[in-house]
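Student: Could you take me through a close look at how one pair of helices packs in this model? I'd also like to see how that compares with other parts, and how far the prediction can be trusted.

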Amino acid sequence: MTNSSIPFTAAIFDLDGTLLDSVWVWREVDRVFFGELGIAEPEDYARSVQGMSFRETAEYTVRRFGLSRTAEEVMDGWMRMTAEAYARRVALKPGALSYLRSLKRAGVKLAVATANREDLFGPTLRRCGAWELFDAVCTSAEVGDVCKDDGSLFQLAAHRLGVAPADCVVFEDTLEGVLGARRAGMGVYAVRDAGNDHNLDKIAALADGVMDDFTRMERFHGLGGRQRCVIFTSRCDGDVRRAYRQKAGDWILCADGGWQLAQKAGVKPDLVIGDFDSSEQPDEGPVERYPAEKDDTDTMLCLKKGLAMGYDDFLVVGGFGGRIDHTLGNLQAMRYAADRAAAIEMCDGESWATVVEGGAVHVPADVIGEGNVKLSVFALDRECRGVTIRGAKWAIEDGAWTNGFPLGVSNEFAGEYAGISVEKGALLVTVCREGQPGRGE
(Lines give C-alpha, C1' and ligand atoms only; values in the text may rest on other atoms or scores of the structure.)
Protein backbone atom coordinates (compact mmCIF):
# COMPACT_ATOMS: atom_id res chain seq x y z
CA MET A 1 0.00 0.00 0.00
CA THR A 2 2.26 2.75 -1.27
CA ASN A 3 1.71 5.75 -3.51
CA SER A 4 4.82 7.15 -5.16
CA SER A 5 2.95 10.27 -6.30
CA ILE A 6 2.82 11.56 -2.71
CA PRO A 7 6.01 13.65 -2.32
CA PHE A 8 6.62 12.94 1.38
CA THR A 9 7.07 9.94 3.66
CA ALA A 10 5.51 11.41 6.80
CA ALA A 11 2.88 14.05 7.52
CA ILE A 12 2.78 16.00 10.79
CA PHE A 13 -0.45 17.78 11.73
CA ASP A 14 -1.17 20.67 14.03
CA LEU A 15 -4.66 20.36 15.50
CA ASP A 16 -6.45 23.57 16.49
CA GLY A 17 -7.28 25.62 13.40
CA THR A 18 -5.61 23.05 11.14
CA LEU A 19 -7.09 19.59 11.55
CA LEU A 20 -9.74 20.60 14.08
CA ASP A 21 -12.41 23.27 13.68
CA SER A 22 -11.88 24.39 17.27
CA VAL A 23 -10.74 28.02 17.26
CA TRP A 24 -14.33 29.02 18.09
CA VAL A 25 -13.95 27.20 21.43
CA TRP A 26 -11.03 29.38 22.44
CA ARG A 27 -12.79 32.54 21.30
CA GLU A 28 -15.62 31.59 23.66
CA VAL A 29 -13.13 30.83 26.45
CA ASP A 30 -11.52 34.24 25.99
CA ARG A 31 -14.91 35.95 26.11
CA VAL A 32 -15.89 34.20 29.36
CA PHE A 33 -12.42 34.47 30.90
CA PHE A 34 -12.03 38.20 30.38
CA GLY A 35 -15.67 38.75 31.32
CA GLU A 36 -15.01 37.13 34.68
CA LEU A 37 -11.97 39.38 35.12
CA GLY A 38 -14.11 42.41 34.36
CA ILE A 39 -11.79 43.69 31.63
CA ALA A 40 -12.15 44.05 27.89
CA GLU A 41 -10.20 41.53 25.85
CA PRO A 42 -7.37 43.34 24.02
CA GLU A 43 -7.68 43.16 20.23
CA ASP A 44 -4.19 41.73 19.89
CA TYR A 45 -4.53 39.02 22.56
CA ALA A 46 -5.47 36.10 20.29
CA ARG A 47 -2.71 37.01 17.84
CA SER A 48 -0.15 37.40 20.64
CA VAL A 49 -0.58 33.83 21.92
CA GLN A 50 -0.55 32.08 18.53
CA GLY A 51 2.06 29.35 18.40
CA MET A 52 2.57 29.36 22.18
CA SER A 53 2.23 26.19 24.21
CA PHE A 54 -0.66 25.79 26.62
CA ARG A 55 1.57 26.71 29.56
CA GLU A 56 3.28 29.58 27.76
CA THR A 57 -0.13 31.07 27.00
CA ALA A 58 -1.19 30.81 30.64
CA GLU A 59 2.06 32.31 31.90
CA TYR A 60 1.85 35.12 29.34
CA THR A 61 -1.74 35.86 30.39
CA VAL A 62 -0.89 35.95 34.10
CA ARG A 63 2.09 38.19 33.45
CA ARG A 64 0.42 40.58 31.01
CA PHE A 65 -2.67 41.20 33.12
CA GLY A 66 -1.04 40.99 36.53
CA LEU A 67 -3.34 38.21 37.69
CA SER A 68 -3.24 36.91 41.25
CA ARG A 69 -3.89 33.39 39.90
CA THR A 70 -1.07 30.98 39.08
CA ALA A 71 -0.54 29.63 35.57
CA GLU A 72 -1.74 26.24 36.84
CA GLU A 73 -4.99 27.75 38.09
CA VAL A 74 -5.53 29.52 34.78
CA MET A 75 -4.92 26.29 32.85
CA ASP A 76 -7.28 24.36 35.12
CA GLY A 77 -9.99 26.93 34.46
CA TRP A 78 -9.49 26.74 30.71
CA MET A 79 -9.62 22.95 30.86
CA ARG A 80 -12.96 23.04 32.70
CA MET A 81 -14.42 25.42 30.12
CA THR A 82 -13.26 23.48 27.08
CA ALA A 83 -13.50 19.81 28.06
CA GLU A 84 -17.18 19.38 27.13
CA ALA A 85 -16.77 21.14 23.77
CA TYR A 86 -13.80 18.98 22.76
CA ALA A 87 -15.47 15.79 23.95
CA ARG A 88 -18.80 16.39 22.18
CA ARG A 89 -18.82 19.31 19.73
CA VAL A 90 -15.42 20.00 18.17
CA ALA A 91 -15.22 18.48 14.69
CA LEU A 92 -12.57 17.77 12.08
CA LYS A 93 -12.13 20.24 9.24
CA PRO A 94 -14.01 19.27 6.04
CA GLY A 95 -12.25 16.46 4.18
CA ALA A 96 -9.73 15.88 6.98
CA LEU A 97 -10.68 12.30 7.87
CA SER A 98 -10.80 11.20 4.25
CA TYR A 99 -7.41 12.79 3.58
CA LEU A 100 -5.80 11.21 6.64
CA ARG A 101 -7.10 7.83 5.56
CA SER A 102 -5.87 8.25 2.00
CA LEU A 103 -2.38 9.06 3.30
CA LYS A 104 -2.47 6.08 5.66
CA ARG A 105 -3.52 3.70 2.88
CA ALA A 106 -0.63 5.04 0.82
CA GLY A 107 1.85 4.10 3.55
CA VAL A 108 2.51 7.64 4.83
CA LYS A 109 3.33 7.85 8.53
CA LEU A 110 1.20 10.31 10.50
CA ALA A 111 1.85 12.36 13.64
CA VAL A 112 0.15 15.01 15.74
CA ALA A 113 2.23 18.02 16.82
CA THR A 114 0.20 20.40 18.95
CA ALA A 115 0.42 22.95 21.73
CA ASN A 116 -2.82 21.57 23.14
CA ARG A 117 -3.17 18.90 25.82
CA GLU A 118 -4.00 15.27 25.08
CA ASP A 119 -6.75 15.11 27.68
CA LEU A 120 -8.56 17.74 25.59
CA PHE A 121 -7.93 16.68 21.99
CA GLY A 122 -7.76 12.92 22.62
CA PRO A 123 -11.54 12.50 23.07
CA THR A 124 -12.16 14.55 19.92
CA LEU A 125 -9.88 12.44 17.73
CA ARG A 126 -11.33 9.21 19.14
CA ARG A 127 -14.91 10.35 18.61
CA CYS A 128 -14.17 11.42 15.04
CA GLY A 129 -12.39 8.17 14.16
CA ALA A 130 -8.97 9.73 13.59
CA TRP A 131 -7.03 8.69 16.70
CA GLU A 132 -6.07 5.23 15.47
CA LEU A 133 -4.56 6.66 12.28
CA PHE A 134 -1.67 8.42 14.02
CA ASP A 135 1.66 6.70 14.58
CA ALA A 136 2.85 9.36 17.05
CA VAL A 137 1.31 12.10 19.19
CA CYS A 138 3.57 14.95 20.32
CA THR A 139 2.75 17.99 22.46
CA SER A 140 4.67 21.17 23.26
CA ALA A 141 4.85 20.08 26.90
CA GLU A 142 7.32 17.38 25.79
CA VAL A 143 9.81 19.91 24.39
CA GLY A 144 9.87 22.35 27.30
CA ASP A 145 6.62 24.21 26.57
CA VAL A 146 8.31 26.42 24.00
CA CYS A 147 6.74 28.21 21.05
CA LYS A 148 6.46 26.19 17.86
CA ASP A 149 8.60 28.59 15.85
CA ASP A 150 11.86 26.95 16.98
CA GLY A 151 10.95 23.69 15.22
CA SER A 152 11.74 21.37 18.13
CA LEU A 153 8.22 19.95 18.32
CA PHE A 154 8.30 18.93 14.67
CA GLN A 155 11.76 17.43 15.07
CA LEU A 156 10.43 15.32 17.95
CA ALA A 157 7.58 14.08 15.74
CA ALA A 158 9.99 13.13 12.94
CA HIS A 159 12.20 11.28 15.42
CA ARG A 160 9.28 9.27 16.78
CA LEU A 161 8.17 8.40 13.27
CA GLY A 162 11.70 7.34 12.35
CA VAL A 163 11.71 9.63 9.31
CA ALA A 164 14.28 12.23 8.27
CA PRO A 165 13.01 15.85 8.53
CA ALA A 166 13.54 16.36 4.80
CA ASP A 167 11.01 13.58 4.12
CA CYS A 168 8.34 15.17 6.34
CA VAL A 169 5.66 17.73 5.61
CA VAL A 170 3.85 19.79 8.25
CA PHE A 171 0.28 21.06 8.15
CA GLU A 172 -0.15 24.27 10.16
CA ASP A 173 -2.38 27.32 10.45
CA THR A 174 -0.13 29.82 12.26
CA LEU A 175 2.88 31.79 11.09
CA GLU A 176 4.84 30.48 14.08
CA GLY A 177 4.06 26.90 13.11
CA VAL A 178 5.02 27.49 9.49
CA LEU A 179 8.31 29.09 10.57
CA GLY A 180 8.99 26.15 12.91
CA ALA A 181 8.41 23.64 10.13
CA ARG A 182 10.86 25.46 7.86
CA ARG A 183 13.45 25.68 10.65
CA ALA A 184 13.06 21.93 11.18
CA GLY A 185 13.91 21.41 7.49
CA MET A 186 10.44 20.22 6.48
CA GLY A 187 7.91 21.01 3.81
CA VAL A 188 4.80 22.82 4.99
CA TYR A 189 1.20 23.34 3.90
CA ALA A 190 -0.88 26.08 5.50
CA VAL A 191 -4.58 25.95 6.34
CA ARG A 192 -6.50 29.21 6.35
CA ASP A 193 -8.40 29.91 9.53
CA ALA A 194 -10.09 32.95 11.03
CA GLY A 195 -7.20 33.48 13.44
CA ASN A 196 -4.45 33.81 10.84
CA ASP A 197 -5.84 36.39 8.41
CA HIS A 198 -3.41 39.07 9.63
CA ASN A 199 -0.40 36.89 8.70
CA LEU A 200 -1.78 35.23 5.59
CA ASP A 201 0.60 36.92 3.13
CA LYS A 202 3.66 35.92 5.19
CA ILE A 203 2.33 32.38 5.60
CA ALA A 204 1.64 32.01 1.87
CA ALA A 205 5.15 33.20 1.03
CA LEU A 206 6.69 30.45 3.19
CA ALA A 207 4.28 27.55 2.56
CA ASP A 208 4.32 25.01 -0.25
CA GLY A 209 0.57 25.42 -0.56
CA VAL A 210 -2.39 27.09 1.15
CA MET A 211 -5.88 25.63 1.46
CA ASP A 212 -9.17 26.33 3.23
CA ASP A 213 -9.70 22.68 4.18
CA PHE A 214 -8.77 19.16 3.03
CA THR A 215 -11.45 18.56 0.42
CA ARG A 216 -9.32 19.13 -2.69
CA MET A 217 -5.84 17.92 -1.82
CA GLU A 218 -5.39 16.41 -5.30
CA ARG A 219 -4.38 19.96 -6.30
CA PHE A 220 -1.12 19.38 -4.49
CA HIS A 221 -0.36 15.70 -5.02
CA GLY A 222 -1.90 12.40 -6.06
CA LEU A 223 -4.11 10.56 -3.59
CA GLY A 224 -4.61 7.16 -5.17
CA GLY A 225 -7.94 5.44 -5.68
CA ARG A 226 -10.31 4.29 -2.99
CA GLN A 227 -9.60 0.73 -1.94
CA ARG A 228 -11.75 -1.77 -0.08
CA CYS A 229 -11.01 -3.83 3.00
CA VAL A 230 -12.67 -7.25 2.84
CA ILE A 231 -13.19 -9.19 6.08
CA PHE A 232 -13.91 -12.91 5.79
CA THR A 233 -15.73 -14.28 8.84
CA SER A 234 -15.75 -17.93 9.84
CA ARG A 235 -19.30 -18.62 8.65
CA CYS A 236 -21.11 -18.11 5.35
CA ASP A 237 -24.52 -19.76 4.99
CA GLY A 238 -24.77 -18.89 1.30
CA ASP A 239 -22.39 -19.26 -1.64
CA VAL A 240 -19.18 -17.42 -0.73
CA ARG A 241 -18.42 -16.83 -4.41
CA ARG A 242 -21.71 -14.96 -4.71
CA ALA A 243 -21.12 -13.12 -1.44
CA TYR A 244 -17.69 -11.88 -2.52
CA ARG A 245 -17.09 -10.30 -5.90
CA GLN A 246 -13.44 -9.41 -6.16
CA LYS A 247 -12.29 -5.87 -6.91
CA ALA A 248 -8.80 -4.78 -7.88
CA GLY A 249 -6.80 -3.67 -4.85
CA ASP A 250 -8.93 -5.47 -2.23
CA TRP A 251 -7.08 -5.89 1.06
CA ILE A 252 -8.11 -9.23 2.54
CA LEU A 253 -8.42 -9.72 6.29
CA CYS A 254 -9.67 -12.96 7.81
CA ALA A 255 -11.30 -13.22 11.23
CA ASP A 256 -10.09 -16.44 12.85
CA GLY A 257 -11.23 -19.37 10.68
CA GLY A 258 -12.29 -16.97 7.94
CA TRP A 259 -9.08 -17.87 6.12
CA GLN A 260 -10.72 -21.16 5.18
CA LEU A 261 -13.67 -19.27 3.71
CA ALA A 262 -11.28 -17.04 1.77
CA GLN A 263 -9.59 -20.15 0.46
CA LYS A 264 -12.95 -21.37 -0.88
CA ALA A 265 -13.41 -18.01 -2.59
CA GLY A 266 -10.02 -18.43 -4.26
CA VAL A 267 -8.30 -15.49 -2.56
CA LYS A 268 -5.17 -15.30 -0.44
CA PRO A 269 -5.42 -13.43 2.89
CA ASP A 270 -3.16 -10.45 3.49
CA LEU A 271 -3.57 -10.96 7.24
CA VAL A 272 -5.37 -13.41 9.54
CA ILE A 273 -6.49 -12.12 12.95
CA GLY A 274 -8.07 -14.03 15.82
CA ASP A 275 -7.79 -16.13 18.95
CA PHE A 276 -8.21 -19.47 17.09
CA ASP A 277 -10.27 -20.94 19.90
CA SER A 278 -12.67 -22.57 17.44
CA SER A 279 -10.52 -23.12 14.35
CA GLU A 280 -6.99 -23.94 13.27
CA GLN A 281 -4.37 -21.30 12.66
CA PRO A 282 -3.17 -21.24 9.04
CA ASP A 283 0.21 -22.80 8.37
CA GLU A 284 1.46 -19.88 6.28
CA GLY A 285 0.95 -16.18 5.82
CA PRO A 286 0.97 -13.32 8.35
CA VAL A 287 -1.07 -13.91 11.51
CA GLU A 288 -1.95 -11.73 14.52
CA ARG A 289 -2.96 -13.95 17.42
CA TYR A 290 -4.97 -12.65 20.39
CA PRO A 291 -6.00 -14.25 23.70
CA ALA A 292 -9.42 -15.87 23.83
CA GLU A 293 -10.47 -13.61 26.73
CA LYS A 294 -10.76 -10.14 25.18
CA ASP A 295 -13.29 -7.35 24.66
CA ASP A 296 -13.29 -7.38 20.85
CA THR A 297 -14.75 -10.11 18.68
CA ASP A 298 -12.45 -11.41 15.95
CA THR A 299 -14.51 -9.52 13.37
CA MET A 300 -14.18 -6.31 15.40
CA LEU A 301 -10.41 -6.83 15.62
CA CYS A 302 -10.31 -6.99 11.83
CA LEU A 303 -12.51 -3.92 11.48
CA LYS A 304 -10.34 -1.89 13.86
CA LYS A 305 -7.24 -3.03 11.98
CA GLY A 306 -8.74 -1.88 8.69
CA LEU A 307 -9.73 1.50 10.14
CA ALA A 308 -6.24 1.98 11.58
CA MET A 309 -4.78 1.27 8.15
CA GLY A 310 -6.90 4.04 6.65
CA TYR A 311 -9.71 2.07 5.02
CA ASP A 312 -13.20 3.55 4.93
CA ASP A 313 -14.89 1.02 2.62
CA PHE A 314 -15.56 -2.45 4.06
CA LEU A 315 -17.18 -5.68 2.98
CA VAL A 316 -17.80 -8.37 5.59
CA VAL A 317 -18.18 -11.78 3.93
CA GLY A 318 -20.49 -14.13 5.82
CA GLY A 319 -21.43 -12.83 9.25
CA PHE A 320 -25.07 -14.01 9.33
CA GLY A 321 -26.50 -17.24 10.75
CA GLY A 322 -25.32 -19.61 13.43
CA ARG A 323 -25.31 -18.19 16.94
CA ILE A 324 -27.56 -15.16 17.21
CA ASP A 325 -25.04 -13.38 19.46
CA HIS A 326 -22.41 -13.61 16.73
CA THR A 327 -24.79 -12.14 14.15
CA LEU A 328 -25.79 -9.31 16.51
CA GLY A 329 -22.13 -8.68 17.32
CA ASN A 330 -21.35 -8.33 13.62
CA LEU A 331 -24.24 -5.90 13.15
CA GLN A 332 -22.95 -3.83 16.06
CA ALA A 333 -19.52 -3.82 14.46
CA MET A 334 -21.15 -2.37 11.36
CA ARG A 335 -22.59 0.45 13.46
CA TYR A 336 -19.11 1.05 14.90
CA ALA A 337 -17.81 1.55 11.37
CA ALA A 338 -20.67 3.87 10.40
CA ASP A 339 -20.03 5.98 13.51
CA ARG A 340 -16.54 6.54 12.10
CA ALA A 341 -17.76 7.66 8.68
CA ALA A 342 -16.87 4.36 7.01
CA ALA A 343 -19.06 2.59 4.46
CA ILE A 344 -19.68 -1.05 5.33
CA GLU A 345 -21.67 -3.96 3.87
CA MET A 346 -22.14 -7.53 5.06
CA CYS A 347 -23.14 -10.31 2.68
CA ASP A 348 -23.31 -14.10 2.71
CA GLY A 349 -25.00 -14.55 -0.67
CA GLU A 350 -28.41 -15.07 0.94
CA SER A 351 -28.59 -11.90 3.03
CA TRP A 352 -27.03 -8.44 2.74
CA ALA A 353 -26.91 -5.50 5.15
CA THR A 354 -25.51 -2.03 5.55
CA VAL A 355 -25.79 0.82 8.06
CA VAL A 356 -26.57 4.36 6.93
CA GLU A 357 -26.09 7.14 9.46
CA GLY A 358 -27.10 10.71 8.68
CA GLY A 359 -26.86 10.06 4.93
CA ALA A 360 -28.17 8.01 2.04
CA VAL A 361 -27.59 4.70 0.29
CA HIS A 362 -28.79 3.26 -3.03
CA VAL A 363 -29.44 -0.48 -2.87
CA PRO A 364 -29.64 -2.50 -6.13
CA ALA A 365 -32.52 -4.98 -6.28
CA ASP A 366 -30.01 -7.67 -7.36
CA VAL A 367 -27.49 -6.94 -4.58
CA ILE A 368 -27.55 -10.69 -3.72
CA GLY A 369 -28.33 -11.85 -7.23
CA GLU A 370 -31.51 -12.69 -9.10
CA GLY A 371 -34.68 -13.89 -7.37
CA ASN A 372 -37.34 -12.72 -4.97
CA VAL A 373 -36.01 -10.72 -2.04
CA LYS A 374 -37.31 -8.67 0.86
CA LEU A 375 -36.02 -5.19 1.70
CA SER A 376 -36.17 -4.16 5.34
CA VAL A 377 -35.16 -0.98 7.14
CA PHE A 378 -34.78 -0.78 10.92
CA ALA A 379 -34.09 2.16 13.22
CA LEU A 380 -30.96 1.59 15.28
CA ASP A 381 -31.44 4.67 17.45
CA ARG A 382 -34.23 5.55 19.84
CA GLU A 383 -35.40 8.06 17.23
CA CYS A 384 -34.45 8.44 13.57
CA ARG A 385 -35.68 11.58 11.82
CA GLY A 386 -36.03 12.38 8.16
CA VAL A 387 -36.40 8.75 7.09
CA THR A 388 -37.07 8.50 3.35
CA ILE A 389 -37.50 5.34 1.28
CA ARG A 390 -37.97 5.59 -2.48
CA GLY A 391 -38.11 2.91 -5.15
CA ALA A 392 -39.91 0.48 -2.86
CA LYS A 393 -43.49 -0.83 -2.80
CA TRP A 394 -44.11 1.00 0.47
CA ALA A 395 -42.40 4.38 0.21
CA ILE A 396 -42.03 7.02 2.90
CA GLU A 397 -40.96 10.67 2.90
CA ASP A 398 -39.45 12.45 5.89
CA GLY A 399 -40.66 9.92 8.43
CA ALA A 400 -39.79 9.55 12.11
CA TRP A 401 -38.96 6.00 13.21
CA THR A 402 -37.99 4.48 16.52
CA ASN A 403 -36.13 1.32 17.47
CA GLY A 404 -39.16 0.14 19.46
CA PHE A 405 -41.27 -0.95 16.49
CA PRO A 406 -40.27 -2.87 13.29
CA LEU A 407 -42.16 -0.61 10.88
CA GLY A 408 -39.83 -1.19 7.94
CA VAL A 409 -39.74 -4.98 7.83
CA SER A 410 -40.47 -7.00 4.65
CA ASN A 411 -40.72 -4.23 2.07
CA GLU A 412 -40.23 -4.93 -1.64
CA PHE A 413 -38.31 -3.30 -4.49
CA ALA A 414 -40.46 -1.42 -7.00
CA GLY A 415 -37.65 -1.02 -9.52
CA GLU A 416 -33.97 -1.68 -10.14
CA TYR A 417 -32.89 -0.07 -6.89
CA ALA A 418 -34.21 1.60 -3.74
CA GLY A 419 -32.93 4.78 -2.17
CA ILE A 420 -32.88 5.01 1.63
CA SER A 421 -31.84 8.13 3.54
CA VAL A 422 -32.00 9.48 7.08
CA GLU A 423 -31.26 12.98 8.32
CA LYS A 424 -30.59 12.12 11.97
CA GLY A 425 -29.85 8.73 13.46
CA ALA A 426 -28.77 5.40 12.02
CA LEU A 427 -30.68 2.82 10.00
CA LEU A 428 -29.94 -0.86 9.41
CA VAL A 429 -30.85 -1.80 5.84
CA THR A 430 -31.16 -5.49 4.92
CA VAL A 431 -31.97 -7.48 1.81
CA CYS A 432 -32.82 -11.15 2.28
CA ARG A 433 -33.67 -13.88 -0.18
CA GLU A 434 -37.33 -14.79 0.24
CA GLY A 435 -38.00 -18.22 1.70
CA GLN A 436 -41.30 -19.84 2.52
CA PRO A 437 -44.11 -17.29 2.89
CA GLY A 438 -44.67 -16.18 6.45
CA ARG A 439 -41.74 -18.05 7.99
CA GLY A 440 -40.06 -16.07 10.74
CA GLU A 441 -42.77 -13.43 10.88
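Tutor: Happy to! Helix α1 passes helix α4 in a right-handed crossing (the near helix is turned clockwise from the far one by less than a right angle; anticlockwise would be left-handed). This is a predicted model, in which local features need pLDDT of at least 70 and side-chain atom pairs count only at pLDDT 80 or more, while totals for chains, interfaces and linings use all residues. Residues are numbered from 1 along each chain as its sequence is written, and side-chain values use heavy atoms, without hydrogens or water.

Now the geometry. α1 covers residues 23-37 and α4 residues 71-88 (helices are DSSP runs of H or I with at least four residues, strands runs of E with at least two). Their axes lie 10 Å apart and the angle is about 135° (axes are fitted to C-alpha atoms over the stretch in contact, and angles run from 0 to 180 degrees between N-to-C directions). That makes α1 oblique to α4 (under 35 degrees is roughly parallel, over 145 roughly antiparallel, 65 to 115 roughly perpendicular, and the rest oblique).

On the α1 side, W24, V25, W26, V29, V32 and F33 make the contact, and they meet V74, W78, M81, T82, A85 and Y86 of α4 (contact means heavy atoms within 4.5 Å). By class, this contact has 11 nonpolar residues, one polar and no charged (Ala, Val, Leu, Ile, Met, Phe, Trp, Tyr, Cys and Pro count as nonpolar, Asp, Glu, Lys and Arg as charged, the others, Gly among them, as polar).

For another pair, take α12 (residues 298-308) and α13 (residues 324-339), whose axes come within 10 Å and cross at roughly 15°. That makes α12 roughly parallel to α13. Their crossing is right-handed. From α12, T299, M300, L303, K304 and L307 meet N330, A333, Y336 and A337 of α13. This contact divides into six nonpolar, two polar and one charged residue.

Strands offer another view. β21 (residues 417-421) runs antiparallel to β16 (residues 360-364), joined by five bridges (pairing takes at least two DSSP bridges), with P364 opposite Y417. β21 also pairs with β18 (residues 384-390) in the antiparallel sense, over three bridges, and there T388 stands opposite S421.

As for trust, the chain averages a pLDDT of 92, and 98% of the residues score at least 70 (pLDDT is the predictor's confidence in each residue, from 0 to 100). Over residues 436-441, however, pLDDT stays under 50, and the model has one contact there beyond four places in sequence.
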